Number of protein chains: 2
Amino acid sequence: MALFYSKRDLRFHVYEVQHAETLLNYPYFQDHSRESFDLVLDAADQIAVKLLYPLLTEMDRAEPQLANGKIRVHPGMKAIVKQFGADGWINATFSYDEGGQQLPVTIQNSAGFIFQAANYSASVYPFLTTGAANLIRTFGSRALIDAYTPRMYTGEWQGTMALTEPGAGSSLSDITTSATPTGQEGVYHIRGEKIFISCGDHDACTNVVHLMLARISGAPAGVKGISLFVVPQQRIGAGQQLEPNDVLTAGVYHKMGYKGAPIAHLSMGNNGNCEGYLVGEPNKGLSYMFQMMNEARVGVGMNATAIGTAAYHASLAYAGQRPQGRRITEKDPALPQTLIINHADVKRLLLFQKSVVEGSLSLLLYCSYLADLAHVETGEARDNALLLLDLLTPVAKSYPSEMCCLTTSAAVQILGGAGYTTDFPVEQYYREARIHPIHEGTTAIHGLDLLGRKISLQHGKAAQLYFQAVMTTIAEAQQIPSLQPLADTLNTVCGRVQQLTGQLLGQARQDPEAFLADATLYLELFGLVTIGWRWLQQAITASQALANAHAADQPFYQGKILTVRYFFDYELIKTDALIHRLSASAHVTLAMQPDWF
Amino acid sequence: MALFYSKRDLRFHVYEVQHAETLLNYPYFQDHSRESFDLVLDAADQIAVKLLYPLLTEMDRAEPQLANGKIRVHPGMKAIVKQFGADGWINATFSYDEGGQQLPVTIQNSAGFIFQAANYSASVYPFLTTGAANLIRTFGSRALIDAYTPRMYTGEWQGTMALTEPGAGSSLSDITTSATPTGQEGVYHIRGEKIFISCGDHDACTNVVHLMLARISGAPAGVKGISLFVVPQQRIGAGQQLEPNDVLTAGVYHKMGYKGAPIAHLSMGNNGNCEGYLVGEPNKGLSYMFQMMNEARVGVGMNATAIGTAAYHASLAYAGQRPQGRRITEKDPALPQTLIINHADVKRLLLFQKSVVEGSLSLLLYCSYLADLAHVETGEARDNALLLLDLLTPVAKSYPSEMCCLTTSAAVQILGGAGYTTDFPVEQYYREARIHPIHEGTTAIHGLDLLGRKISLQHGKAAQLYFQAVMTTIAEAQQIPSLQPLADTLNTVCGRVQQLTGQLLGQARQDPEAFLADATLYLELFGLVTIGWRWLQQAITASQALANAHAADQPFYQGKILTVRYFFDYELIKTDALIHRLSASAHVTLAMQPDWF
């Protein structure tokens with residue numbers, strides 16, 4: 001049994017809740033089968049157990065170092081990136097034409113979840129390459145595709161997304177990296193600085209291909225003047241030889257966690273000799289990048305969930321082995337101590353973790369399934385899948401990111417003093433989880449995105465699709481007597497959220513600052529409702545399965561049914577205060593003055 | 001200006017809210033004055049700025065190491081412990097007879113807050129010595145006091161509390177370290193293992209004096225058979241010479257944060273030659289130790305608050321200097337970026353931190369003042385102060401400990417990617433804050449203590465005193481029109497908490513497991529009400545002061561008044577869901593079975 005996730009639970013989500021086999025009806029996926037999906041998940045498990053998990057702690061302790069202009073990472077990463085390439089993980093979802101396997105995103109992301117739970121830092125390398133290659137293949141010219149993607153697919157070359165600059169983090173409109181035409185079509189001279197570039201330089205690959213945002217000379221100010229470039233660390237020169245492209249690694253960041261992945265500070269064009277190759281049309285870079293960012297955002301939600309899952313299983317294992325204290329009703333010191341899993345508060349801390357990580361996984365695989373539908377469906381079905389995915393992206397990114405900071409904290413708490421030491425992995429999970437509310441857009445940015453843009457997307461059609469989906473689940477649950485009270489509760493909360501949303505949108509024009517002042521709390525509220533919905537869906541499946549389940553499988557379904565009750569009793573209950581807060585007209589955050597702090 | 005706390009705010013708490021000068025009316029404190037208090041706080045500031053804060057990062061990076069049986073700590077610690085001893089900080093609150101300064105605990109803890117905010121790890125060394133010496137002077141024989149305390153007061157010797165064992169952490173009744181009479185009165189042979197002993201061994205002092213719990217041969221099982229011993233690392237032998245006492249340093253823990261303080265694993269009596277000196281009477285060790293633990297618990301609350309304060313000020317400084325993005329109503333990319341302190345969500349994250357850390361500081365200084373009253377008052381006034389302090393201790397320990405994990409997280413969030421790197425101290429604060437919900441009793445233990453013991457202490461007299469104190473503040477606030485709505489809100493919440501408490505106590509006998517199942521949430525609820533009360537008290541002071549304040553002081557008071565509104569609007573509002581949850585009869589945590597996870 002893997003220590004860092006539950007095979008049984010993953011299969012529950014993939015097959016019993018998300019019904020991944022329904023994808024087999026689409027021609028694009030017709031060569032696959034339940035068996036081939038299982039083989040993929042088993043193969044991921046094997047790599048995770050044999051290659052990734054054994055390096056979890058080591059990679060945390062031997063941080064990447066910059067020496068002689070090159071970042072050196074853990075030597076074990078060479079074998080890992082090679083394996084990912086050789087097994088076809090990097091382009092698994094791409095078409096056969098491109099050397100891919102036409103694997104559903106649902107299955108690919110399930111495999112990714114296993115990798116991330118085993119060793120988050122190591123999982124980042126291939127994940128970034130996939131995203132970068134996806135941008136080139138979607139928007140790049142044939143020449144760019146042929147030149148750069150093949151060696152990214154084999155794992156020889158690393159891909160990155162290079163957006164952030166010293167003066168432009170959350171505010172991408174302020175990037176200043178410049179692109180000057182060279183005279184040769186599509187080729188520009190790049191000059192500027194990029195910071196916080198994940199896998200921006202390292203010695204486990206032989207080249208790095210940056211998908212970089214820059215501003216072509218004379219482009220409009222703001223987001224409308226940003227273009228996308230391929231900026232390789234080494235460019236393909238005469239005779240297909242690689243030659244240096246004037247991309248300097250100016251620094252490596254030392255950070256709280258996630259230490260196995262090198263995060264670089266890059267400096268381009270110091271010698272006036274850095275070439276960038278335009279991807280697609282000028283000034284459309286940000287909209288292209290958003291394709292990659294949306295995938296990356298769902299990916300970050302999955303990363304957070306995977307780390308939270310690993311911490312949950314580590315603390316669950318500990319709680320089932322550690323005797324300490326006695327039950328409330330059994331205080332005789334002559335009796336042996338009880339296992340801490342029998343204490344109500346330890347069970348609460350475990351249920352909290354289970355409810356968050358399994359609820360999040362359900363949402364993320366739902367989003368993955370939408371991505372598959374968007375790819376293989378047509379017409380309205382495709383448009384609806386894309387629209388719903390667009391709405392859910394900030395939630396799927398932020399709920400797991402914020403909450404897994406708290407669930408990994410609960411894991412530390414279960415282990416007590418031992419959890420604070422480096423003798424157990426939970427302290428590492430706690431440190432690693434903390435990056436997720438920050439990268440790929442902070443939680444505040446996603447709050448503004450959800451309330452300020454997504455909710456009113458296509459005149460509210462995205463929101464309408466969302467509430468329809470939730471209502472479908474509620475209606476189904478109302479047919480199961482044991483779930484009816486939960487269904488009614490979620491129904492009431494949904495009604496209140498819809499009413500609140502209308503009220504908020506009503507003030508959007510006359511007072512946009514007040515409208516968005518508590519957008520982060522709106523996102524939190526939306527997250528609670530969404531995870532409540534995903535738990536109700538799981539409870540429907542579990543309730544139906546329990547009747548005919550083997551004895552050995554019954555505890556699994558019982559646990560699901562109890563966890564949905566936990567989520568409603570302890571978590572969904574928090575929506576009241578949020579709705580109250582968001583309905584209020586006074587905004588102390590707007591009234592507060594900087595010099596009053 | 002210090003970077004890690006606000007002098008102005010500390011003085012507001014000490015003088016304007018807690019009115020520390022009122023202590024000058026008691027003979028014990030009669031030699032002091034407002035001026036001498038200020039001198040003490042200024043001296044603490046100087047040590048913090050010059051000695052402690054400069055080593056904050058270094059001590060985190062150069063962890064204590066065990067070599068040849070000795071733990072080596074940062075070389076700078078020698079000068080620090082020497083300075084603390086020379087300046088009389090270790091026994092400052094003790095009587096003149098004992099070489100002390102008869103300083104109020106209120107002032108001593110305020111100075112401690114400054115040290116802890118500057119460098120938490122460094123502050124722990126003298127703090128532990130004070131606690132250990134306090135136990136010896138209170139319960140030990142004249143001979144023990146004379147032998148051991150003088151060199152603890154000078155900082156030459158380190159004091160510790162040695163409770164935890166591999167099989168006995170939260171469950172102290174299960175300790176097995178044994179004490180066998182040697183025939184010499186009061187002298188025992190000690191044998192056993194102690195783990196997680198803070199400052200249990202290091203090379204900044206020349207000896208370590210452990211205040212250790214052990215079980216005398218033939219003692220009753222459980223807590224009634226635990227005795228307290230002085231177990232020095234080196235004992236005082238013939239001719240006052242120090243000789244080894246068979247206390248082996250078996251290990252040093254490597255941990256997530258709080259790395260500058262050495263945490264030891266000790267092994268006593270491997271060669272049958274470890275002497276322990278009985279403190280007070282046999283089998284009363286745990287009740288003695290609780291004196292030290294209660295001080296330590298209020299101390300932990302202060303530690304958490306201090307770290308939270310340092311993180312708040314670091315993120316506040318950053319937010320006031322970092323331009324990023326534009327206001328919601330001002331999106332022109334040609335305009336310069338705004339400082340992030342102008343974004344509503346950044347102000348929310350700052351207000352959250354401010355409300356938690358300044359609310360906690362107010363509670364902790366209130367507790368300190370009660371400790372002073374308990375010392376200098378007599379009769380009912382003394383008894384009441386002790387009783388209220390006893391009730392508040394789990395709250396004063398746990399609310400800051402739990403919440404400053406979240407406030408340091410908010411500080412990291414404000415800095416974004418920069419906050420996740422080691423270039424700024426906030427990631428260290430985040431790691432250091434995480435120890436506090438664990439040591440000196442986990443949050444769950446304090447929940448059980450509050451609901452299971454303290455609330456019904458002396459037939460509910462402690463609770464009655466508490467609600468009287470809160471009601472006095474409410475009545476005062478109701479006289480100030482601008483505060484009346486807040487006072488009414490707190491009044492309503494208090495009424496509901498009292499009703500809930502009665503309801504819960506009603507089921508204590510028939511179903512003790514259900515009664516205590518959510519004790520941690522009861523503690524959380526109690527914490528919110530208590531901090532709401534402390535904020536209302538601050539708001540009264542600020543409202544009254546604002547009318548006559550100098551222009552330069554007005555922003556300070558305005559900030560206070562706005563922050564109480566923040567606390568009520570965003571934090572106290574969470575009491576609803578907690579009361580709802582605690583009133584419910586179903587307990588999923590009791591229903592959940594270990595094999596269902």
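Is Gly527(B) buried or exposed? At 1% relative accessibility, Gly527(B) is buried, because the cut-off for that class is under 20%. The views below show this residue and other parts of a predicted model.

**View 1. Gly527(B) and its surroundings in chain B.** Gly527(B) belongs to helix H17, which covers residues 519-546 of chain B. Apart from neighbours within four places in sequence, Gly527(B) contacts Val395(B) and Tyr399(B). Lys397(B) is 130 residues away from Gly527(B) in sequence, and their C-alpha atoms are 9.9 Å apart.

**View 2. Residues 283-448 of chain A.** An unreviewed UniProt entry gives this span as "domain: Acyl-CoA dehydrogenase/oxidase C-terminal". Helix makes up 74% of the span and strand 0%. Its end C-alpha atoms are separated by 24 Å.

**View 3. The two chains, A and B, and the axis between them.** Chain A is superposed on chain B by a rotation of 180 degrees with a shift of 0.0 Å along the axis, at an RMSD of 0.0 Å. This is the relation of a two-fold axis. Of the interface residues of chain A, 100% are also interface residues in chain B, so the copies meet through the same surface.

**View 4. The area buried between chain A and chain B.** About 7900 Å² is buried here, with 65% coming from carbon and sulfur atoms. Tyr420(A), Val588(A) and Phe597(A) supply 11% of the area that chain A buries against chain B, more than any other three residues. Each side has its share in the contact: 91 residues from chain A and 91 residues from chain B.

**View 5. A salt bridge between Asp174(A) and Arg326(B).** The N to O distance between these side chains is 2.6 Å. Four salt bridges are found across the interface of chain A and chain B.

Definitions and conventions:
Residues numbered from 1 in each chain as written. Chains lettered and ligands numbered in written order. Predicted model: local features only at pLDDT ≥ 70, side-chain atom pairs only at ≥ 80, totals over all residues. Heavy atoms only, no water. Least-squares fit on C-alpha atoms with pLDDT ≥ 70 in both. Contact = heavy atoms within 4.5 Å. UniProt positions renumbered as here; feature names shortened; annotations may be inferred. Helix = DSSP H or I, 4+ residues; strand = E, 2+ residues; numbered from the N terminus. Buried < 20%, exposed > 50% of the residue type's maximum accessible area, 1.4 Å probe, protein only. Buried area = accessible area lost by both parts, 1.4 Å probe.
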